[in-house]
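Subject: Structure handover and findings

Dear colleague,

Please find below the structure that I am handing over to you. My notes on what was found in it follow directly after.

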Amino acid sequence: MKSLLIIGGLGLLGNRLVQKARGKFNFDYTYRTGTPWHEENGYQLDVTDFEVARKLVQEIKPDAVINTTAFHQVDLCETERAKARLVNIDAALNLATACEKIGAQYVFMSTDYVFDGTKRGKYSIKDTPNPESAYAESKWQAESELLAMDADNTVARTSVIYGWHPMKKNFITWLLNELRAGKPVKIVDDQYSSPTLADNGAEALLGLVEQEKTGLWHVTGNECLNRFEFARKAAQVFGLDERLISSVKTADLHQVAKRPMNGCLDAGRTEKELGFKMLNAEQGLMVMKKQEEEGKTNSI
């Protein structure tokens, strides 16, 4: 059984990685703050403490490390560029170097935002990124340096991760809370993406580790739709009032950082080589609904 270190085991994706790794891997996980709820003990770690991070990898000596941490508040990255670089580039490369020294596979999470969104249709791994925000630039630079290393590095781009989490909100849990409270919401209808259920993304990432897949991969849901359409699907699946959802244009939001209008990623190669199905939005939302119906809304 392979050994695995999950960096950021209390986050949305990291939480699901811990759950899905049980019985398949000998694993450890880290967390930055808070009180862990997993039955397994974790290691408290700030990835920007480079020496401590290196020592932890050296001590555990896992076969693979999946790094789910990031400074991903897109607008804040514009004004806190030093922090974006520290977390998204320097800390990521520090972990990669630590993995290289012990011969471990290193999996880095990237984003659909590395593209400028001008393409029609889904982006493939062969398409050239053109980041247009500080957040996207930091992820793209980390990608480039990791893939240039002579090491077992894996870059997994994802898009709009959603799912149940005991502590932190995401787009869909926020939306459901608003609709259930009878509050009207405005959602952009000109930003397209490939929404990714955290459970499904975690399973795919573990597949990349199990099969020792390195290089660049797209790990996303297999559908391309805009946020407004995604929100309406969520309302339909959960039996909530769609009339509370109205559309708005990105330009009307006056966001600090530029967003790609098309962030849809082609995960076909991932599905084919892993022999694994990435879910569309309705399928993913149905999984969430089932979890709620089974009393697992706050599952950990």
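**Helix packing**

Helices α6 and α8 are oblique to each other, because the angle between them is about 60 degrees. Please bear in mind throughout that this is a predicted model. Helix α6 covers residues 171-180 and helix α8 covers residues 227-237, and their axes lie 10 Å apart. The crossing in which α6 passes α8 is right-handed. On the α6 side the contact is made by Phe171, Ile172, Leu175, Leu176 and Leu179, while α8 contributes Arg227, Phe230, Ala231, Ala234 and Ala235. By class, this contact has 9 nonpolar residues, no polar residues and 1 charged residue.

Helix α4, residues 81-102, takes part in two further packings, described in turn.

With helix α2 (residues 50-60), α4 forms an angle of about 30 degrees, and the two axes are 9 Å apart. Angles under 35 degrees count as roughly parallel, and α2 and α4 are therefore roughly parallel to each other. The crossing of α2 past α4 is right-handed. From α2, the residues making the contact are Phe50, Ala53, Arg54, Val57 and Gln58; from α4, they are Leu86, Asp90, Ala91, Asn94, Leu95, Ala98, Cys99 and Ile102. These contact residues divide into 9 nonpolar, 2 polar and 2 charged.

With helix α5 (residues 134-148), α4 packs at an angle of about 20 degrees, with the axes 9 Å apart. The pair α4 and α5 is therefore also roughly parallel, and its crossing is right-handed. Here α4 contributes Arg81, Ala84, Arg85, Asn88, Ile89, Leu93 and Ala96, and α5 contributes Ala134, Tyr135, Ser138, Lys139, Gln141, Ala142, Glu145 and Leu146. The contact of α4 with α5 comprises 8 nonpolar, 3 polar and 4 charged residues.

**Cavities**

How many cavities of 30 Å³ or more does a search of the whole structure find? There are 2 of them.

The largest cavity holds about 60 Å³ of space. Its lining consists of Asp112, Tyr113, Val160, Gln191, Tyr192, Ser193, Arg227, Pro260 and Gly263. By class, that lining has 4 nonpolar, 3 polar and 2 charged residues. Arg227 thus appears in the lining of this cavity and also in the contact of α6 with α8.

The second largest cavity has a volume of about 50 Å³. The residues lining this second cavity are Tyr113, Phe115, Asp116, Asn130, Pro131, Glu132, Ser133, Ala136, Lys258, Arg259 and Pro260. They divide into 5 nonpolar, 2 polar and 4 charged. Tyr113 and Pro260 line both the largest cavity and the second largest cavity.

**Glu271**

One residue of helix α10 (residues 268-274) is also reported here, namely Glu271. Which residues does Glu271 contact, leaving aside its neighbours within four places in sequence? Those contacts are with Asn222, Phe276, Lys277 and Met278. In addition, the C-alpha atom of Glu271 is separated by 10.0 Å from that of Thr220, and these two residues are 51 residues apart along the chain.

With kind regards

Key: Residues are numbered from 1 along each chain as its sequence is written. This is a predicted model: local features need pLDDT of at least 70, side-chain atom pairs count only at pLDDT 80 or more; totals for chains, interfaces and linings use all residues. Side-chain values use heavy atoms; hydrogens and water are left out. Axes are lines fitted to C-alpha atoms, for helices over the stretch in contact, and angles run from 0 to 180 degrees between N-to-C directions. Helices (H or I, at least four residues) and strands (E, at least two) are DSSP runs, numbered from the N terminus. Angles under 35 degrees count as roughly parallel, over 145 as roughly antiparallel, 65 to 115 as roughly perpendicular and the rest as oblique. A crossing is left-handed if the near helix is turned anticlockwise from the far one by less than a right angle, and right-handed if clockwise. Contact means heavy atoms within 4.5 Å. Ala, Val, Leu, Ile, Met, Phe, Trp, Tyr, Cys and Pro count as nonpolar, Asp, Glu, Lys and Arg as charged, and the others, Gly among them, as polar. On a 1 Å grid over the protein atoms alone, a cavity is a set of points where a 1.4 Å probe fits but cannot get out, and a pocket is an open set with protein on both sides within 12 Å along at least five of seven lines; lining residues have an atom within 4 Å of a point. Grid points are joined across faces, edges and corners, and a volume is the space filled by probe spheres set on the points.
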